[in-house]
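Q: Please take a close look at the backbone geometry of the loops in this protein, and set it against the packing of the interior.

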Amino acid sequence: MNPESFAAGERLVSPAYVRQGCEARRTHEHLIRLLLEQGKCPEDGWDESTLELFLHELAIMDSNNFLGNCGVGEREGRVASALVARRHYRFIHGIGRSGDISAVQPKAAGSSLLNKIANSLVLDIIKMAGVHSVTNCFVVPMATGMSLTLCFLTLRHKRPKAKYIIWPRIDQKSCFKSMITAGFEPVVIENVLEGDELRTDLKAVEAKIQELGSDNVLCVHSTTSCFAPRVPDRLEELAVICASYGVPHIVNNAYGLQSSKCMHLIQQGARVGRIDAFVQSLDKNFMVPVGGAIIAGFNDSFIQEISKMYPGRASASPSLDVLITLLSLGSNGYKKLLKERKEMFSYLSIQLKKLAEAYDERLLHTPHNPISLAMTLKTLDEHRDKAVTQLGSMLFTRQVSGARVVPLGAVQTVSGYAFRGFMSHTNDYPCAYLNAASAIGMKTQDVDLFIKRLDKCFKIVRKEQNRESDGSGVDNDKTEDVVIEEMGLKLENVSLDKFEDSSS
């Protein structure tokens, strides 16, 4: 209510009570004013009443919520279902205009404000997470793979002769298909094995640029967040190579925003060489529904070019989701989540190492990977070819999601390209292994339950191996778990795609 409304209310209720209510509202309005003035994530999270007041104030600035609005166009924010309208807090017009996703929409001042504030808060969080020199970013309503495609398509106009993208191999379908969809030819650079880790072959990258000619190379497409035993690419060295040859550099930072190590690599790469843009997922880093990503960079004009490449208006849902989340958490709440994630990584590492040793396996030594871990499955692989995939099947049927069992020798064709040893990021990794990751939001109880179920599955597989090796035949004292396995819940009857993590 405005001051006149409060004054009118004093004729109905004690003025002292009305003034008290007025002061309470001013407290909410003060938080909103600070947000609009500073454009930064508040240190402490907002309560739901402040958030709802803010969203309501923005929504009634959109033309579809005007009292007496007369819309005679084809896109007037009409919604058939009241439930759908409430789900979107009555933000119906989306963001941007037909020529620019970042442009202000005349019919939707509130939605435009929402978009600008969301981008500003995300930029603040990226700086807080370690990339201090980032100059611009925007939320795009597409997941990471399509957002990478948008970056490549923008570079096409700057490098019309280029048709190749140099890509240090990372066995994840969407980042590979992002290059194909953009109409470019990926040049796969195999990784090199250093100890247990798979690392960037810098000599091969540079040699390929020289072989193809720098004008024919659209960019180098590197990766930070990845599954062990692959580790983040050597971004600093790649950035130096890109700068020296005048080749753009796009970084797939899918779930790397939650890792200080990944963010440090990006910051250092931009400091010593060239990084044109880095792309990260909203759902993996901010715990919101799938459907959005952040495109960020160090050259303001280039990031604006990418936003203008997006055709048409766009959904405001990803911007709304991340805005609500960050205002609810505050920067202190998000910092706490990042700290807890690091603690969970250490805890998962300790517990997984203990379990591995109990079964004569070992935790692979991958110190350069700050999120993902891997333990060998040599004892299973040596006894029976199907034992490794059986373990994956058993984990899946026991509702363990995210863990990946990677057998030896898998061959997968992606968009016409055949990958040997697919999911292991190399043609011939020395052993089969199991992946697990510590991502933002993970709790101690998640780790404990995973270790408990993994231990149980190992016991069952070992028991099956022993029965087959000693020729004892059918075990009359089958456990319930063995019965479940024999009811047809086998990996060989399930596509490997079901066990492939969808991150990119």
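A: A residue is called exposed when its relative accessible area is over 50%, buried when it is under 20%, and partly exposed in between. This vocabulary serves for the loops of the model, which is a predicted one.

The loop between α13 (317-358) and β10 (372-376) holds D360. Its phi is positive, about 60°, although D360 is not a glycine. The relative accessible area of D360 is 64%, so the residue is exposed.

A second positive phi, of about 50°, belongs to S415, which is likewise not a glycine. S415 sits in the loop that links β12 (411-414) with β13 (417-420). With 39% relative accessibility, S415 counts as partly exposed.

A further loop feature concerns the peptide bond rather than phi: from A228 to P229 the bond is cis, and omega is near 10°. P229 is placed in the loop between β6 (217-223) and α9 (235-245).

These loops belong to a protein with 17 helices and 14 strands. Of its 504 residues, 53% are buried. The largest nonpolar core comprises 48 residues, and F54, I126, L257, I266, F278, F286 and I294 are those with the most contacts inside it. Helix α5 (residues 109-129) contributes the largest share of this core, nine residues. Leaving aside residues up to four places away in sequence, I126 touches V131, V134, C137, L257, M263, F278, I294 and A296. Apart from this core lies another, of 45 residues, including I95, V140, W167 and Y429.

The contacts of the chain can also be sorted by sequence separation. Among those between residues at least 6 apart in sequence, 73% join residues at least 24 apart.

The overall dimensions complete the picture. The C-alpha atoms fill a box of roughly 90 × 65 × 40 Å along the principal axes. The radius of gyration is 26 Å, which agrees with the value near 23 Å for a compact globule of 504 residues.

At the surface, the protein exposes about 22,500 Å², and carbon and sulfur atoms supply 53% of that area. As for charge, there are 59 positive and 59 negative charges, and their mean positions are 4 Å apart.

Conventions
Residues numbered from 1 in each chain as written. Predicted model: local features only at pLDDT ≥ 70, side-chain atom pairs only at ≥ 80, totals over all residues. Heavy atoms only, no water. Core = buried A, V, L, I, M, F, W, Y, C linked by side-chain atoms within 4.5 Å. Buried < 20%, exposed > 50% of the residue type's maximum accessible area, 1.4 Å probe, protein only. Helix = DSSP H or I, 4+ residues; strand = E, 2+ residues; numbered from the N terminus. Contact = heavy atoms within 4.5 Å. Rg over C-alpha atoms; globule rule 2.2 N^0.38 Å. Areas by Shrake-Rupley, 256 points an atom, 1.4 Å probe, with all protein chains shown as cover. Lys, Arg positive; Asp, Glu negative; His and termini not counted. Charge placed at Lys NZ, Arg CZ, Asp CG, Glu CD.
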